[in-house]
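Hi everyone, thanks for making the time this morning. I'd like to walk you through one corner of a model I've been looking at, so let me put it on the screen.

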Amino acid sequence: MIDENHIPDRDDDIDGYTKIDRYNPQLIESLSANYLNVLKQIGENPERDGLLKTPERIAKAMLFLTHGYDLDAKTILSSAMFKEDYSQMVIVKDIEVYSMCEHHMLPFFGKAHIAYIPNGYVVGLSKIPRIVDVFARRLQVQERLTNEIRDCIQETLNPFGVGVVIECRHLCMSMRGVQKQNSVTTTSAFTGEFLKEKTRTEFLNLISAKLG
């Protein structure tokens, strides 16, 4: 998806995470042609002013929304591992999640709450939201997204345990189908110490608490 001839400027690379803002022109052209046909087939006039550049805009948007396929979450996570003698729970909560349902290609969005108990290594805090983005920027189901985040942290850091809770609203439920605008889907996945009720309860209480 990314133009292989593009060498990122220094400002494009943040913590080893390249900003996706340039694309392979051949791929953009091919996708744009497909979206042009979609506009025609739903009865629109792609020649009118408001739609003249819409196929290209959709193509670029789609490549951005699915650029997680081009990134390796384990590489991002392992790039900021630090040896540290700390073995208490580390939590990053209220991480914004934006993804697309693979069944209808409509968005779902919400928040992720992630915890791990270090086993000799901690990771730079910014990397946790980064790996959420890597897996969210793909066609997804919330259940698999939850497991992929859990497994990536467990396999890369080898902590004593990982806990992941994701809460999302799905536009495939609110815009079509059952059309329930206020429903929220919650998924969770745990390993190690978080399989124990005491640890899991502590985690759930902490992500529910408000500071101050």
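**Two cysteines and a strand**

Let's start with C172, which is buried, at a relative accessible area of 13%. Before I go on, please keep in mind that this is a predicted model.

C172 has a cysteine for company: the nearest cysteine sulfur belongs to C101 and lies 4.2 Å away, and C172 is in no disulfide. Now take the view from the other side. Why is C101 not bonded to C172? The closest cysteine sulfur to that of C101 is the one in C172, and because the two are 4.2 Å apart, they are too far from each other for a bond. The cut-off here is 2.5 Å between the sulfur atoms. By that rule, the disulfide count comes to zero. And is C101 buried or exposed? C101 is buried as well, with a relative accessible area of 6%.

Next, please look at strand β8, residues 161-170. How many of its ten residues are buried? Eight of them are, so you can call this strand mostly covered.

β8 has strand partners to show you. One is β5, residues 107-117, which pairs with β8 in the antiparallel sense over ten bridges. If you want a position to find by eye, F109 stands opposite R169 in β8. Another partner is β9, residues 185-190, again antiparallel to β8, this time over six bridges. There, E167 stands opposite T186 in β9.

Let me stop at H170, which also sits in β8. H170 is buried, with a relative accessible area of 13%. Which residues does H170 contact, once we set aside its neighbours within four places in sequence? They are P107, F108, Q142 and T185. Of these, P107 falls within the β5 range, and T185 falls within the β9 range.

F108 takes us to my last stop, V141. You'll find V141 in the loop between β7 (139-140) and α5 (142-157). Although it is in a loop, V141 is buried, at a relative accessible area of 16%. Not counting residues up to four places away in sequence, V141 touches E102, H103 and F108. Along the chain, V141 and F108 are 33 residues apart, and their C-alpha atoms are separated by 9.1 Å.

So F108 is a residue to click on when you open the model yourselves: it is in contact with H170 and it is touched by V141. That's my tour, and I'm happy to rotate the view for anyone who'd like another look.

Notes:
Residues are numbered from 1 along each chain as its sequence is written. This is a predicted model: local features need pLDDT of at least 70, side-chain atom pairs count only at pLDDT 80 or more; totals for chains, interfaces and linings use all residues. Side-chain values use heavy atoms; hydrogens and water are left out. Buried means under 20% relative accessible area, exposed over 50%, partly exposed in between (1.4 Å probe, protein chains only). Helices (H or I, at least four residues) and strands (E, at least two) are DSSP runs, numbered from the N terminus. Two strands pair if DSSP finds at least two bridges between them. Contact means heavy atoms within 4.5 Å.
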